[in-house]
Amino acid sequence: MLTSTRGVITFDKKNLDDRTLLKLYKSMLKPRLIEEKMLILLRQGKISKWFSGIGQEAISVGVTLALDSEEYILPMHRNLGVFTSRNIPLHRLFSQWQGKANGFTKGRDRSFHFGTQEFNIVGMISHLGPQLGVADGIALASLLKNKNQVTAVFTGEGGTSEGDFHEALNVASVWQLPVLFCVENNGYGLSTPTSEQYRCKDIADRGKGYGMESFILDGNNVVEVYSKIKKLAQSIRKRPRPILVEFKTFRMRGHEEASGTKYVPKALMQEWAKKDPVENFQAYLINQKILTEKQEVAIKEGIVHEINENLQIAFDEAPIEADLTTELNDVYKPFEYKDVSPKPKTEELRLIDAISLGLKQSMQQHKDLVIMGQDIAEYGGVFKITDGFVKEFGKERVRNTPICESAIVEAAMGLSIAGIKSVVEMQFADFVTSGFNPVVNYLAKSHYRWNQEADVVLRMPCGGGVAAGPFHSQTNEAWFTKTPGLKVVYPAFPYDAKGLLATAINDPNPVLFFEHKALYRSIRQDVPTDYYTLPFGKAALLREGNDVTVISYGAGVHWAMETLDNNSDINADVIDLRTLQPLDTEAIYNSVRKTGKVIILQEDSLFGGIASDISALIMENCFEHLDAPVKRVASLETPIPFINQLEDQYIAKGRFEETLKDLLSY
Ligand SMILES: Cc1ncc(C[n+]2csc(CCOP(=O)(O)OP(=O)(O)O)c2C)c(N)n1
Ligand SMILES: [Mg+2]
């Protein structure tokens, strides 16, 4: 109902000209009218779900128009106005919501869960908070490339309770990143009112708590939003730093349309209805004679026409056909492996030195590669892998991080969005749990969802045998091998580690690179001194024999070799997998078809580990060649204990020899 001429919001247009004011108005009207149409289509069963931003348009529109179009915006589910203000052709939005090919996700993700580099928009994932850290990464890229750009990221007040919010604010503040944190406080998070969400007066206060400036704006006043954000953005471009803005507003409809608003007090709804951002601004423009009733009708008709025309295009578009090859091919970004052969000159290196040298040479190869991690700069990392790196590459590229695993993984994603490769050192692989969500949901799914690579390597110092207890000894590769979209590398030797790390960094996909702590200083090998690469998905056949196939990776490879050294009568093929995803199934099958017996040795506890999947694959693909059941040897189904005698009992190593002999006597 856009006919009222009396408003309750006071607009102070300051030096804004009429053209700008009209643009603000039209830009708010468009998402409003699209939404009104969507509500009709929803009732007709033509779209499946709708998250309404009615009543909050001034925020999306004001912020978007205040920024330059090359500046990234990371919107939420109520920010249709961000998309329309960036002038995305409407039929593409409609196709997106109908799961069609002209959308942005090939039908793979719904509603506003998409990004588009073409329009510098990075949409949310359902988990709400992660994009706050992603914004940090994009802003860091802006800083490193001296672009003087602002990155704006949105969250609801509900999302501010998530750890991601706090980590992202902290990192942005410590690193003085040019991020505009936009909190839309609309009174509710699903059915939860603010009184049950947080206990400070204003969320803006939280910005202060993290050492950044913060402001409170009337989120229903588009002139206030636009003018203030424009000023803040200019200021941030000049002097990069994060700023938090809390927009006071209200959610006028249900969380999503099906869930209703029964729990919202009527009086509150009525009070906020009077503050409708579109109606109030329209009344103001008409009162000020900036907009005539006739113009208003024409503007509205124009937008309705555009909506209908574009809807028709989207409805006419053929539905997506499920194509298996396309689906499987899009999980990873295609990567053309470039072989750099090792040169003859070698030096004897421990595993730790090989990784350190490999990382250093990749820093030299990729001039903008950034590494991030706790204590990795001057201190050199807890294992000293990055010792001396700051001196050679500087603190901009070798970044100490606060203890914020989530935000740092997210920041790495943001760097990738902005075209910068990164390596993140988990201090211990165990601590990846604190950044688990962005790894398995953001990095892993990004290319499949919207064609955006996550060019990130996570270094994972892992493994037992070091008497370090349940939280410094785990080997948690199975959490990641089961997640499509991630690659998993697990070398057992210095030579492999160096070449595979180079490839992991060259590969634009997210790679988890496992480094066994017990091997760091115990395994030595002659390693080519210069830079070289090794391919993923190629296992190493370490020994050849016809009695049995032994399959392992990481420390397990060394346990198996030791056992075979002590049993020279056993002739075994020994396969070191080297990478678990991709997995060299050909090497496995070829060997099993030859020997007919196979034992898989894994350091992790048994159930759900990769040994189980390898066993299943062998059963399915080599059944006729098997002379005995496939054997798995793994650690106990307990957490990994601290004291040596318990750890020795826990670890698979002690059970390998006996099981191998059982198998051979089958
Ligand atoms: C990690 C996570 N927990 C819960 C949800 C379910 N959920 C989706 S939106 C939402 C409410 C969000 O509230 P707020 O951040 O205030 O945004 P608003 O919907 O009010 O715009 C909830 C609980 C989710 N998507 N992700
Ligand atoms: Mg909310």
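This passage describes the surroundings of two ligands in a predicted model. Local features rest on pLDDT of at least 70 and side-chain atom pairs on pLDDT 80 or more, while totals for chains, interfaces and linings use all residues. Residues are numbered from 1 along each chain as written, chains are lettered from A and ligands numbered from 1 in written order, and side-chain values use heavy atoms, without hydrogens and water.

Ligand 1 is surrounded by 15 residues (a heavy atom within 4 Å), and the closest are His77, Arg78, Ser126, Gly158 and Tyr188. This shell comprises 3 nonpolar, 9 polar and 3 charged residues, with Gly counted as polar and Tyr as nonpolar. Polar contacts (N or O pairs within 3.5 Å) involve the backbone: an N or O atom of Ser126 lies 2.8 Å from a ligand 1 nitrogen, one of Gly159 lies 2.8 Å from a ligand 1 oxygen, and a polar backbone atom of Tyr188 is 2.7 Å from an oxygen of ligand 1. Of the 580 Å² that ligand 1 exposes when taken alone, the protein buries 70% (Shrake-Rupley method, 1.4 Å probe).

Tyr188 also serves the magnesium ion (ligand 2) through its O atom, alongside two OE donors of Glu157 and OD1 of Asn186, at 2.1 to 2.7 Å; donors are N, O and S atoms within 2.8 Å of this metal. These donor residues follow the spacing E-x28-N-x1-Y. The site has 6 donor atoms with angles of 52 to 169° and is irregular, as six donors count as octahedral only if opposite ones are over 155 degrees apart and all others between 65 and 115.

Conventions
A polar contact is a pair of N or O atoms within 3.5 Å; within protein, one must be able to donate a hydrogen and the other to accept it, and residues adjacent in sequence count only if both atoms are side-chain atoms. Donors are N, O and S atoms within 2.8 Å of the metal (3.2 Å for Na, K and Ca); water is not among the atoms, so sites may look incomplete. Four donors count as tetrahedral if all angles lie between 85 and 135 degrees; four count as square planar and six as octahedral if opposite donors are over 155 degrees apart and all others between 65 and 115; anything else is irregular.
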